[in-house]
Each structure stands twice: as C-alpha cells, then as structure tokens.
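Please look through the model shown here before reading the notes below it. The briefing is meant to be read alongside the coordinates, topic by topic.

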Amino acid sequence: MENVKVTLKKSLIAAKPNQKATAASLGLRKIGDSIVHAAGPVLDGKVKVLAHLVSVEKA
C-alpha cells in the first residue's frame, strides 16, 4: 500500500467536536503535526472530514 503524509495546517479551536475527534484519531494535536499513514478508504473518509484543516501528500 501507498503511504500518505497528513499535516494539520489550521487550528482545531473552532472545529466541530467530530472534527476534533477525527484529528485526535489521526494523531494530530497541534498545527504543524504530521503523521504518515497507509492510504485506504478509512483514511480517505477521515481526510474528507478534515479537508479544510489538513494537507495531504505522498510520503
């Protein structure tokens, strides 16, 4: 599987509770936090919820 790097670009302060929980499940807490995950449908759904807060690139 292909790996994807997800980086939190904007603050979670005004985010909805489900968006905060999704970011926490990805391991993103602060602006600038990055984590590498295996690409798949579960990650695609999580990124869709946080599309306006994160950037995604191939790792």
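What follows is a short briefing on a predicted model, grouped by topic.

The secondary structure of this protein amounts to two helices and three strands, and these elements succeed one another along the sequence in the pattern β-α-β-α-β. The three strands form an open sheet with antiparallel pairing, and helix 2 packs on that sheet.

**Sheet**

- The strand order in the open sheet is 2-1-3, with strand 2 (34-38) and strand 3 (54-58) as the edge strands, each of which pairs on one side only.
- Averaged over neighbouring strands of this sheet, and with direction ignored, the turn of one strand against the next comes to 25 degrees.
- Strand 1, which covers residues 3-8, is joined to strand 2 by five bridges in the antiparallel sense, and across these two strands Thr 7 stands opposite Ser 34, the latter belonging to strand 2.
- As a general point, the strands of a sheet pair through backbone hydrogen bonds, in either a parallel or an antiparallel manner.

**Helices and their surroundings**

- Helix 2, made up of residues 41-49, touches strand 1, strand 2 and strand 3 as it packs on the sheet, and its direction makes about 20 degrees with that of strand 1.
- Helix 1 comprises residues 17-26, and Thr 22 is found within it.
- Thr 22 has a relative accessibility of 13%, and because buried means under 20%, Thr 22 counts as buried.
- Leaving aside residues up to four places away in sequence, Thr 22 touches Lys 46, Val 49 and Leu 50.

**Overall dimensions and surface**

- For 59 residues a compact globule would have a radius of gyration near 10 Å, and the protein, at 10 Å, agrees with that expectation.
- The C-alpha trace spans about 35 × 20 × 15 Å when it is taken along the principal axes of the protein.
- The protein exposes about 4,000 Å², of which carbon and sulfur atoms supply 57%, while 29% of its 59 residues count as buried.

**Contacts along the sequence**

- When contacts are restricted to those between residues at least 6 apart in sequence, 71% of them join residues that are at least 24 apart.
- The pairing of strand 1 (residues 3-8) with strand 2, which spans 34-38, can be viewed on the model together with the contacts that Thr 22 makes with Lys 46, Val 49 and Leu 50.

Methods
Residues are numbered from 1 along each chain as its sequence is written. This is a predicted model: local features need pLDDT of at least 70, side-chain atom pairs count only at pLDDT 80 or more; totals for chains, interfaces and linings use all residues. Side-chain values use heavy atoms; hydrogens and water are left out. Two strands pair if DSSP finds at least two bridges between them. Helices (H or I, at least four residues) and strands (E, at least two) are DSSP runs, numbered from the N terminus. Axes are lines fitted to C-alpha atoms, for helices over the stretch in contact, and angles run from 0 to 180 degrees between N-to-C directions. Contact means heavy atoms within 4.5 Å. The radius of gyration is taken over C-alpha atoms; the globule rule is 2.2 Å times the number of residues to the power 0.38. Buried means under 20% relative accessible area, exposed over 50%, partly exposed in between (1.4 Å probe, protein chains only). Accessible areas come from the Shrake-Rupley method with a 1.4 Å probe; for residues, only the protein chains shown count as cover.
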